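Reader: Could you take me through the sheet in this protein, slowly and strand by strand? I would also like to see how that part sits within the whole chain.

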Amino acid sequence: MNMCRCPHCGEQGITVLERSILPRAICVLCGKTAGRPWWSFFTIIPMMIGFIVAPIVIDSAVYVAYAATLMTIITCLLDITFIPLVKK
């Protein structure tokens, strides 16, 4: 399983799934909590574009679902790649 680096101990002790879903993740090695900074909510912009703009621009419901799914995947990748964990 892929792990993320803990800002407290510097080791890879936080799972990517826990980091992505929970507002605060707990390191399995040191037991301290870490979370995202306040400005991390900006990464949901691609997902919102997928859910709001796609139905207006695209007629087919299947393609709207594809666009929304693609934007959700891009949002998750942006979160994992560019948003650092901070001490909480």
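Author: Happily; what follows looks at the sheet and then at the chain around it. Please keep in mind that this is a predicted model.

Let us begin with the order of elements. The protein has 3 helices and 5 strands, and along the sequence they run β-β-α-β-β-α-α-β. The open sheet you ask about is formed by 3 strands, in the order β3-β4-β5, and their pairing is antiparallel. At the edges stand β3 (24–26) and β5 (86–87); each has a single partner strand, so one side of each is left without a neighbour in the sheet. In general, strands of a sheet pair through backbone hydrogen bonds, either parallel or antiparallel.

Now for a closer look at one pairing. Strand β4 covers residues 33–35 and pairs with β5 over 2 bridges, in the antiparallel sense. If you would like a spot to zoom in on, find G35: opposite this residue stands V86 in β5.

Stepping back to the whole chain, the C-alpha atoms fill a box of roughly 50 × 25 × 15 Å along the principal axes. The radius of gyration is 16 Å, whereas a compact globule of 88 residues would have one near 12 Å. Buried residues account for 30% of the 88 residues. Of the contacts between residues at least 6 apart in sequence, 49% join residues at least 24 apart.

Finally, the surface and the charges. The accessible surface comes to about 5900 Å², and 70% of it belongs to carbon and sulfur atoms. There are 7 positive and 4 negative side chains, with the centres of the two sets 14 Å apart.

Notes:
Residues are numbered from 1 along each chain as its sequence is written. This is a predicted model: local features need pLDDT of at least 70, side-chain atom pairs count only at pLDDT 80 or more; totals for chains, interfaces and linings use all residues. Side-chain values use heavy atoms; hydrogens and water are left out. Helices (H or I, at least four residues) and strands (E, at least two) are DSSP runs, numbered from the N terminus. The radius of gyration is taken over C-alpha atoms; the globule rule is 2.2 Å times the number of residues to the power 0.38. Buried means under 20% relative accessible area, exposed over 50%, partly exposed in between (1.4 Å probe, protein chains only). Contact means heavy atoms within 4.5 Å. Accessible areas come from the Shrake-Rupley method with a 1.4 Å probe; for residues, only the protein chains shown count as cover. Lys and Arg count as positive and Asp and Glu as negative; His and the chain ends are not counted. The place of a charge is taken as NZ of Lys, CZ of Arg, CG of Asp or CD of Glu. Two strands pair if DSSP finds at least two bridges between them.
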